[in-house]
Amino acid sequence: LKFVYFSRVIKEKGILDAISVIVKLNLEHKSNATLDIYGPIPDDFNKLFHKIVNNHSEIRYKGIVDPLESIAVLKNYFMMLFPTRYYTEGVPGTIIDSLAAGLPVITSDWESKSDVLKERETCLTYDFKDNEDFYRVLHFAVQNQALINRMRSKCVKESSKFLPENAFALLLNELS
């Protein structure tokens, strides 16, 4: 199963959490899950990050994707991992791209998550900063692939809410 991380590659976005749960899944369940990582890496994290990635064949850094190509890249994965450790995360563009690609998300339960994602329709959620729960949810997804595949069409449908014309209409309704 191919998982993807598509965000800034920093500790605060949970990249080390994502790596650890994929590695644990493969070790404990003889799984063959992979994690492809896309995004910019700050200089002060680059050396440590590549040292970790080089020790795990199932983890691959794939570089930075042109924003116009993001949906084409994301549609090739089973699920996106969004393990943010920013509780006040807003509306991440990567989540909108994921929805448009028909790609369900495993995410931490950040403050505004329910404004963007719907449990068991577009995402599976684990308790904020809880890697044991992250692992449990990841394992659930692997064991319930039919559910994840049914979520794909719901993701595409939900993504239409974020088209400029639809988002503006929703905003006007809220203001009136």
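**Helix α2.** I began with helix α2, residues 43-54, where helices (H or I, at least four residues) and strands (E, at least two) are DSSP runs numbered from the N terminus, and I found that its twelve residues reach 17 Å from the first C-alpha to the last. That is close to the 16 Å expected at 1.5 Å a residue, the expected span being 1.5 Å times one less than the number of residues.

Before going on I noted that this is a predicted model, in which local features need pLDDT of at least 70 and side-chain atom pairs count only at pLDDT 80 or more, while totals for chains, interfaces and linings use all residues. I also noted that residues are numbered from 1 along each chain as its sequence is written, and that side-chain values use heavy atoms, with hydrogens and water left out.

Which residues of α2 are buried? I listed F45, F49 and V53, taking buried as under 20% relative accessible area, exposed as over 50% and partly exposed as in between (1.4 Å probe, protein chains only). These residues cover an arc of only 65 degrees around the axis, so they lie on the same side of α2; the arc is that of the directions from the helix axis to the C-beta atoms. The face turned away from the buried side carries the exposed residues K47, K51 and N54. The buried residues of α2 pack against α1 (15-29), β2 (34-38) and β3 (59-63), contact meaning heavy atoms within 4.5 Å.

**T34.** I then looked up T34, which lies in strand β2 and counts as buried because its relative accessibility is 13%. Not counting residues up to four places away in sequence, T34 touches L1, K2, F3, I22, E58 and R60.

**Helix α4 and A101.** In helix α4 (residues 93-100) I found T94, I95, I96, S98 and L99 buried, and these pack against β1 (2-6), α3 (70-74), β4 (79-82), β5 (105-108) and α6 (145-159). A101, in the loop between α4 and β5, is buried at 12% relative accessibility. Leaving aside neighbours within four places in sequence, A101 is in contact with I71, L74 and K75; A101 and K75 are 26 residues apart in sequence but 4.8 Å apart in space, C-alpha to C-alpha.

**Positive phi.** Most residues other than glycine have a negative phi. I therefore wrote down K30, a residue other than glycine with a positive phi near 50 degrees, which sits in the loop between α1 and β2 and is exposed, with a relative accessible area of 74%.
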